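New page in my notebook. I want to look up how the rings and helices sit in this one, so here is the structure first.

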Amino acid sequence: MEYKIYILFLLGGSIYLGIMDYKKYEMSNKVLLFLTILSFIYNKKLDISFEEGILGGSVYILPFLFIYGYISDFYGKECLGFGDIKLLFFFGTLLTYKGLEEVIIYFNYLTIISLLYIILILKKYRKDKMIPFAPPIIINSWIFYFFREYFL
């Protein structure tokens, strides 16, 4: 029962961040930091080391750091907000690093969910308007968290 409380807080906080990003195009740093710290505490309860959480957070943000740093320069505008990178760090600490195969599968599903998300909301947004990216990250991460063993 104790572990379910952690998951409920993590799930509720991430849904709150997704709604906040969808409506205001920004996420609360305080909530992101709280969720990241809570994921480390949750991992400790599951006997997962702090290093595995840090490694997971670091590996899961790498493709997004590339997009944030280089692709944004190529297009001359910000393609991705840094809040999305911090959100992925939180989910990386929760998912931890289990191997490159799992990370590749995670990003393949994130791509599919993101494309479906963009197709569904494309009517609402113009080309020059930002599209909030936290909702597909959150949806994909929780699906991957709960059904990880089915993907591998």
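**Aromatic rings**

I started with the rings and got a count of 17 aromatic pairs. The rule I used pairs rings of Phe, Tyr and Trp (its six-membered ring) if their centres lie within 6.5 Å; planes under 30 degrees apart count as stacked, over 60 as edge-to-face and the rest as tilted.

Tyrosine 60 and tyrosine 106 caught my eye: their ring centres are 5.0 Å apart and their planes stand at 90°, so I noted the pair as edge-to-face. The pair links distant parts of the chain, with tyrosine 60 in helix H3, tyrosine 106 in helix H5 and their positions 46 residues apart. I take helices (H or I, at least four residues) as DSSP runs, numbered from the N terminus. Buried or exposed, tyrosine 60 and tyrosine 106? Both are buried (under 20% relative accessible area; exposed is over 50%, partly exposed in between, with a 1.4 Å probe and protein chains only).

I also looked up tryptophan 142 and tyrosine 145, an edge-to-face pair at 5.5 Å centre to centre and 80° between the planes. They are 3 residues apart in helix H6 (residues 134–146), so about one helical turn separates them. Tryptophan 142 counts as buried because its relative accessibility is 6%, and tyrosine 145 does too, at 18%.

One aromatic cluster went into my notes as well: Tyr60, Phe64, Tyr106, Phe107, Phe133 and Phe144.

**H3 against H5**

A note on sources: this is a predicted model, where local features need pLDDT of at least 70 and side-chain atom pairs count only at pLDDT 80 or more, while totals for chains, interfaces and linings use all residues. Residues are numbered from 1 along each chain as its sequence is written, and side-chain values use heavy atoms, with hydrogens and water left out.

Next I checked how H3 (residues 50–75) and H5 (residues 100–121) pack: the angle is about 45° and the axes are 11 Å apart. That makes H3 oblique to H5 (not under 35 degrees, over 145, or 65 to 115).

Which residues make the contact? From H3 I wrote down Val59, Tyr60, Pro63 and Phe64, and from H5 Glu102, Val103, Tyr106, Phe107 and Leu110. Contact here means heavy atoms within 4.5 Å.

**A loop residue**

Last, I looked at lysine 77, in the loop between H3 and helix H4 (82–95). Lysine 77 counts as exposed because its relative accessibility is 51%. From leucine 8, lysine 77 is 69 residues away in sequence and 36 Å away in space, C-alpha to C-alpha.

Key
Axes fitted to C-alpha atoms, helices over the stretch in contact; angles between N-to-C directions. Helix = DSSP H or I, 4+ residues; strand = E, 2+ residues; numbered from the N terminus.
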